[in-house]
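Got the viewer open? Let's take a walk along the place where the two chains meet, one selection at a time.

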2 protein chains.
Amino acid sequence: MKRSIEELISYLKERELRPSYQRLKILGYLLENRNHPTADEIYESLHSEIPTLSKSTVYNSLNVFVQARLVKQLTIEDSDTRYDIVTQDHGHFKCELCGRIYNFKINIDGSDTPDLKGFNIKDRNVNFTGTCPSCLKGKEIRGR
Amino acid sequence: MKRSIEELISYLKERELRPSYQRLKILGYLLENRNHPTADEIYESLHSEIPTLSKSTVYNSLNVFVQARLVKQLTIEDSDTRYDIVTQDHGHFKCELCGRIYNFKINIDGSDTPDLKGFNIKDRNVNFTGTCPSCLKGKEIRGR
DNA sequence: GTTCCTGCAAAAGCTTTGCAGAAGA
DNA sequence: TCTTCTGCAAAGCTTTTGCAGGAAC
């Protein structure tokens, strides 16, 4: 998932966004860390590398990315906002024990949602919770 | 969806929760208003009837209900927390134009999510966004 | 040279918490 | 009487905003 800086710059320029150092770093982080980070997690990770980075820049950049449809804002559970680079539709499974979030493919089509005849569906968010296989085996418990 | 007070009291007593006036009102509100209200919406609606009601009581009661699995905490979109009485699995469709939230039945089973073999699924949240039929006809736009 | 972006600090929301008095068992 | 709940105020978080200096165009 490693990308060249040029590729990231194109990502931004295509959307008429200035490729500032901070934005490139944030976007790069999202591309390399597909674990649905919160704004705070992004800030903490980049802060050591960019000591002057401010949290408002992280929030501002993320909002800009979301508006540009470059990044998707997730509300998986617990009302903590998470972010993910836009890709194809997939579901999120959050393990209640270890807190990890897993992606999974979904095959939902119109026949599964007959109530939505006549609706124009733009975005599908599917979030499951439960216990993941590792935790079912009692192997690891981290706290959420 | 109107229920008797006795029925609401049983609801609470079965879970060893004291049926205070405030809790009965909040629970009654959730049973009669199946539009996934926020804590603030519940507070505003009941405030005229119970002038002394405090917002912390609303939050506390809702948290108690959620822990008792009487109410489900929804994170549909935009990270605003909403609440709904627990019923069978159903999806939520949020119209981007009028802001209304529609329920719809879903028929997802294991064969639609092969990636989740070995996972113990406790809860399924399915949230779609888009445009509802009314707004597609250009009939009404309320702002979200 | 202009425009846009960053970073600081302050503000704005939403939600939780501590505690004294009130209500329910 | 004892326990739990309410309501107020304060605190804690997350996120947004105003603005001066700096970076990108």
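Before we start picking things, one term: two strands count as paired if DSSP finds at least two bridges between them. Keep in mind, too, that this is a predicted model.

Start with strand E5 of chain A, residues 120–131, and add strand E5 of chain B, residues 120–131 as well. The two run antiparallel, with 11 bridges joining them. To get your bearings along the pair, pick Asn120(A): Thr131(B), in E5(B), stands opposite it.

Now widen the selection to the whole contact between the chains. You should get 37 residues from chain A and 37 residues from chain B. Put together, the chains bury about 3200 Å² between them, with 54% of that on carbon and sulfur atoms. On the chain A side, highlight Thr75(A), Phe119(A) and Phe128(A): these lose the most area to chain B, and together they make up 18% of what that side buries.

Next, try the polar side of things. How many salt bridges are there between chain A and chain B? The count is zero. Residue pairs in polar contact do turn up, though: there are four between the chains, counting pairs with both residues at pLDDT 80 or more.

Last stop: color chain A by secondary structure. Strand E4 (101–104), strand E5 (120–131) and helix H5 (133–136) each supply at least two residues of the side touching chain B. The largest share, 12 residues, comes from E5(A). Recolor that side by residue class and you'll find 15 nonpolar, 13 polar and nine charged residues.

Terms used
Residues numbered from 1 in each chain as written. Chains lettered and ligands numbered in written order. Predicted model: local features only at pLDDT ≥ 70, side-chain atom pairs only at ≥ 80, totals over all residues. Heavy atoms only, no water. Contact = heavy atoms within 4.5 Å. Buried area = accessible area lost by both parts, 1.4 Å probe. Salt bridge = Lys/Arg side-chain N within 4 Å of Asp/Glu carboxyl O. Polar contact = N/O pair within 3.5 Å; in protein donor to acceptor, adjacent residues only side chain to side chain. Helix = DSSP H or I, 4+ residues; strand = E, 2+ residues; numbered from the N terminus. Nonpolar A, V, L, I, M, F, W, Y, C, P; charged D, E, K, R; others polar.
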